[in-house]
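Open your viewer, switch on the cartoon, and get ready to select residues one stop at a time. At each stop, you will hear what to pick and what is there.

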Amino acid sequence: ASIAMFDANMKYIAASRRYMDDYRLSRRDIVGKSHYDVFPEISDRWKEIHRRCLEGAIEKAEADPFPRQDGSIDWVRWEIHPWYEQGGKIGGIFLFSEVITERILAENKIKQFNQQLRALTSHVESIREEERSNLAREIHDVLGQMLTAIKIDVNLLSTALAGKGYEAAHLEFEDLQKIVDKTIQIVRNIATELRPPVLSLGIVPAIEWQTREFEKRFHIPCDLQIDIPEIALEEKLSNTIFRTLQEALTNVLRHAKATRIKIQLTKAHAHLVLRIIDNGRGIENAEIENVKSLGLLGMKERALMIGGKLTIEGTHGSGTSVTLEVPFQN
């Protein structure tokens, strides 16, 4: 252990070998010397801590920077206790410490890597949203126009054949026209799913539209509660809220076996809060923590990219709640 013992004047009485090694003092005789002479770089803050401990306080820190005289910085985990003479008078202090510089540097590297990874993920997500918009536009404008042209041609051929007495061919062309109509509707639905035009009108209309569409297509009643007026949001923030709602509703449909959903959008403590609550089977902790669940991981990562937080909670047999909190200032 790294331990040093001082008298009431902060002079060394003893120090462990680990302490001597950690603070690069192995070749020095420090017993009887002032701690402040051994470490002239010690700040007034540390002197104040020592003073309080010499008066009976116990103080500690899990990670504290200790600038050294050569310009380097040691990170230290420390704890200071007073020690008492016979009769109860404080005779000095014990310093228990651990140099954790390598651990802190490693943690900082991990944090830096995570920040870089998050920035890259954010950039990739922005590109994906742009690609969705471009693809939706191409599908709607180009493919939609081509299918409409085919529909017109089929209609003309069907009418021409009927006029010439080819009734059987006319009926087949009518069936073909129905297929083309259905294909046009599917193309429109795909384009809308990729990038709903209503999203450009604001997050509130977009949530209202998505909720109506979900109810209409899958016949699961949705109780929508929006307790905020229409607000203008940055595109990244708006996309995150909307995509989280989409993914949560998709999960309900695939896994929850729910018969009712409650969707809430509120503002609380400088945050926008989106909450999706279903009455289904209830997600298990193992499912929440499953690293292979790309949908859940994607929702969490989206939230982190904009400084938000995603919370998923499930109660067996009573449903699941998904809560997205994102920072927002009017």
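A residue counts as buried when its relative accessible area is under 20%, as exposed when it is over 50%, and as partly exposed in between. Keep in mind that you are looking at a predicted model.

**Stop 1: the start of the chain**

Select Ser 2, in the segment just before strand E1 (3-7). Is Ser 2 buried or exposed? Its relative accessible area is 5%, so Ser 2 is buried. Now show what surrounds Ser 2: leaving out residues up to four places away in sequence, it touches Ser 16, Arg 18, Tyr 19, Asp 22, Tyr 23, Leu 95, Phe 96 and Ser 97.

**Stop 2: pairs of opposite charge**

Side chains of opposite charge can pair when their charged atoms come close. The whole structure holds 14 salt bridges. Pick Arg 24 and Asp 74, whose side chains form one of them, at 3.7 Å from N to O. This pair joins distant parts of the chain, 50 residues apart: Arg 24 sits in the loop between helix H1 (17-22) and helix H2 (35-38), and Asp 74 in strand E4 (residues 73-84). With a relative accessible area of 48%, Arg 24 is partly exposed, whereas Asp 74, at 6%, is buried.

Next, select Asp 64 and Arg 45, a salt bridge with its closest N and O atoms 2.6 Å apart. Here strand E3 (residues 59-67) provides Asp 64 and helix H3 (residues 44-54) provides Arg 45, and the two are 19 residues apart. Asp 64 is buried at 8%, while Arg 45 is partly exposed at 43%.

For a pair within one helix, go to Lys 216 and Glu 213, where the closest N and O atoms are 3.2 Å apart. Why are they separated by about one helical turn? Because they are three residues apart in helix H6. Lys 216 is exposed, with a relative accessible area of 57%. Then select Glu 48, Arg 51, Arg 52, Glu 55 and Glu 59 together: salt bridges with shared partners join them into one network.

**Stop 3: the nonpolar cores**

In soluble globular proteins, nonpolar side chains tend to be buried together. The largest nonpolar core here has 40 residues, and Ile 203, Ile 241, Ile 261 and Leu 274 touch the most other members. Several elements each supply at least two of its residues, including helix H6 (203-218), strand E8 (271-278) and helix H9 (294-305). Which helix gives the largest share of this core? That is H7, with eight residues.

Zoom in on Ile 241: beyond residues up to four places away in sequence, its contacts are Ile 203, Ile 207, Leu 233, Leu 272, Leu 274, Leu 324 and Val 326. Another core, of 22 residues, lies apart from this one; among its members are Met 20, Val 38, Ala 61 and Leu 95.

Now view H7 along its length: its 22 residues reach 30 Å from first C-alpha to last, close to the 32 Å expected. Just after H7 comes Lys 257, with a positive phi near 55°.

**Stop 4: a patch on the surface**

Finally, select Phe 113, Leu 117, Leu 120 and Val 124, a nonpolar patch on the surface with about 360 Å² of accessible area together. Val 124 belongs to helix H4 (residues 101-163), and is partly exposed at 39%.

Methods: Residues numbered from 1 in each chain as written. Predicted model: local features only at pLDDT ≥ 70, side-chain atom pairs only at ≥ 80, totals over all residues. Heavy atoms only, no water. Helix = DSSP H or I, 4+ residues; strand = E, 2+ residues; numbered from the N terminus. Buried < 20%, exposed > 50% of the residue type's maximum accessible area, 1.4 Å probe, protein only. Contact = heavy atoms within 4.5 Å. Patch = residues over 30% accessible without salt bridge, like charges linked within 9 Å, V, L, I, M, F, W, Y side chains within 5 Å. Areas by Shrake-Rupley, 256 points an atom, 1.4 Å probe, with all protein chains shown as cover. Salt bridge = Lys/Arg side-chain N within 4 Å of Asp/Glu carboxyl O. Core = buried A, V, L, I, M, F, W, Y, C linked by side-chain atoms within 4.5 Å. Expected span 1.5 Å × (residues − 1).
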